[in-house]
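Hi,

Here is the structure I promised to pass on. Have a look at it first, and then read my notes below.

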Amino acid sequence: ARNMAIGLGMTVSDGTIPTNGVQPMATFLFTIPYLITGGDKVTSLIGIHLIAMLAAFAGALAARSLAELLLRPQQAAVFWPWMVAALWFLSPIALMHSMNGLETGVYTLVILLTLLQFARVLALGARERALDRLLLGVSCGLVFFARNDAIFLVAAIFIIWALDEMIRTHAGFRNMLTRLVPPGLLSLAIAAPWLINNKLRFGSIVPISGKSQSLGAEFGQNASLLPAKIFEYLFPMLPIPRHLETLPVATWSFSAIAAVVLSIFVAQLLRRGGPVVRCVFLAYLIHVVAIAIYYGFYFGASHFMSRYLAPAAPLMIIATLSVLLDLGRWILPRRPDALAYAYGIGGLVLATVLVARLLMQGEANQGHIQVVRWVEENVPQNTWIGAPQTGTLGYWHDRTINLDGKVNPAALEARRSDGHVLAYVTASQIDYIVDWASVGVSWIKRPEGGFAEAFDLVLLDEARNLSVLKRRDLRQP
């Protein structure tokens, strides 16, 4: 975003490497602070956080509106949709993903707005105007622009919409096409420039970040994490410690709880919900199931599973609250809202404590700042640095070359052709490789591409999780 604002285009590495390893909507939004400040790195981060904050407030309001729609069939009090919004807004996990300079908060907001517009179109029925349908098409295009796995949501909306037109409203096949094709073409027109750019410049409509993440992924490698991640969004005030996420007893427990809650919610909503509620709910549910299957079974990067599934959080919170409201009426008829109050108010208190604890950790909770500190103290700005993880380092040191291929097409091609980037690094202008301790320990032992002869391990600090590899024939600046 900064390079775009200062005239270097969509690039990384001091403007020298073109990339499409981004989600375009958030990237374009984040150019605004840089345009205003002339590219100032520190002040612009304040602007980026303000954008993320506005998206979070808007997301909370949108979550309230969707919760009001989905809880309406059980005649829930006005209080409960606001509770859903508050629980989502204060969830420590959702907060980390919506305030980290990535697309998750904006993406969740646009998903909710798209579902609400879908509900509006369905609810208007014969009173709807062409403009309402076209606005839904625009929203579908924008949600894809926010993150490309929204193709699952867009496909679900148009399929369900088509079936509703033919089965419930008896519009007929031709009338259905007349109504759905224009918004469908409009959504495609919005997405097309990005898709064409990706295909022509980078050889695939999928951004290289997605190609890099899935490279070498094994079928089902993240499936064991799904129960814990779903549980964390059903109960957003209860983040699961990492060492418990895949323990067999914990996995079975999380699976059982999630299965019971979601089964009751789905059955009750489909039984008593009207056509609009059912269609909107099914579109959201299909999207959640699709991303769970895709990232759980066909993708790598297990450490990002929580972020990938974050857009499911509003639906999961609504599901838990809805089930607790029903259970309270069944087992506590004198105080039917007691279970929901315990979940909601207790959850808000616990979430607030966890968020306060998270904020108090400050810089210690940022996993890469120690790399930046070492580079700032030891490496001139005009020296080229390489690292597999360059999100933080590449922001503060312009001449940083990404080595995992998420934003660097050349590194991705090296991984594909050679199975590693060591030969690419050896032949490059990189003089230092600075990253986590595990990188230095594992890479210095690798002979491929003459790497071991070209670089020495000059620093290994496991306490700070830091390693530095230095080229032997270091070029002086």
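**What I found**

Isoleucine 151 has a relative accessibility of 44%, so it counts as partly exposed. You'll find isoleucine 151 in helix α8, which covers residues 151-168. Glycine 141 sits 10 residues from isoleucine 151 in sequence, and their C-alpha atoms are 9.3 Å apart in space.

Before you go further, please keep in mind that this is a predicted model.

**The chain as a whole**

The chain's secondary structure adds up to 22 helices and 7 strands. Its radius of gyration is 24 Å, close to the 23 Å that the globule rule gives for 477 residues, so the chain is as compact as a globular protein of that length. If you want a feel for the dimensions, the C-alpha trace spans about 75 × 50 × 45 Å along its principal axes. Of the 477 residues, 50% are buried. As for the contacts with a separation of 6 or more, 66% of them come from residues 24 or more positions apart.

**The sheet**

In which order do the strands of the open sheet line up? The order is β4-β3-β5-β7-β6, so to speak a row of 5 strands with mixed pairing. The edges belong to β4 and β6 (455-461), each of which has a single partner strand, so one side of each is left without a neighbour in the sheet. From one strand to the next, the twist averages 25 degrees.

It's worth zooming in on β7 (residues 466-471). β7 runs antiparallel to β6, and 6 bridges join the two. One pair to look for is leucine 460 with its bridge partner in β7, serine 467. The hairpin of β6 and β7 has 4 residues between the strands, and asparagine 465 takes a positive phi there, near 55 degrees. β5 is also joined to β7, by 4 bridges, and that pair runs antiparallel too. Here valine 434 stands opposite valine 468 of β7. β7 is mostly covered, with 5 of its 6 residues buried.

Now for what lies over the sheet. Helix α17 (residues 369-378) lies across β3 (385-387), β5 (432-435), β6 and β7, and it runs at about 145 degrees to β5.

The loop between α17 and β3 holds threonine 383. Is threonine 383 buried or exposed? With 7% relative accessibility, threonine 383 counts as buried. Leaving aside residues up to four places away in sequence, threonine 383 touches His397, Arg399, Asp431 and Tyr432.

**Helix α19**

The other helix I'd point you to is α19 (residues 409-418), whose buried residues are Ala411, Leu412 and Ala414. Looking down the axis of α19, you'll see these buried residues fall within an arc of 160 degrees, so they line one face of the helix. What do they pack against? Their partners are α10 (208-214), β4 (400-402) and α20 (422-427).

Both ends of α19 have something to show. At the start, asparagine 408 has a side-chain oxygen within 3.1 Å of the backbone nitrogen of alanine 410. Just after the helix comes glycine 419, with a positive phi of about 85 degrees.

Happy browsing!

Conventions: Residues are numbered from 1 along each chain as its sequence is written. This is a predicted model: local features need pLDDT of at least 70, side-chain atom pairs count only at pLDDT 80 or more; totals for chains, interfaces and linings use all residues. Side-chain values use heavy atoms; hydrogens and water are left out. Buried means under 20% relative accessible area, exposed over 50%, partly exposed in between (1.4 Å probe, protein chains only). The arc is that of the directions from the helix axis to the C-beta atoms. Contact means heavy atoms within 4.5 Å. A polar contact is a pair of N or O atoms within 3.5 Å; within protein, one must be able to donate a hydrogen and the other to accept it, and residues adjacent in sequence count only if both atoms are side-chain atoms. Two strands pair if DSSP finds at least two bridges between them. Axes are lines fitted to C-alpha atoms, for helices over the stretch in contact, and angles run from 0 to 180 degrees between N-to-C directions. The radius of gyration is taken over C-alpha atoms; the globule rule is 2.2 Å times the number of residues to the power 0.38.
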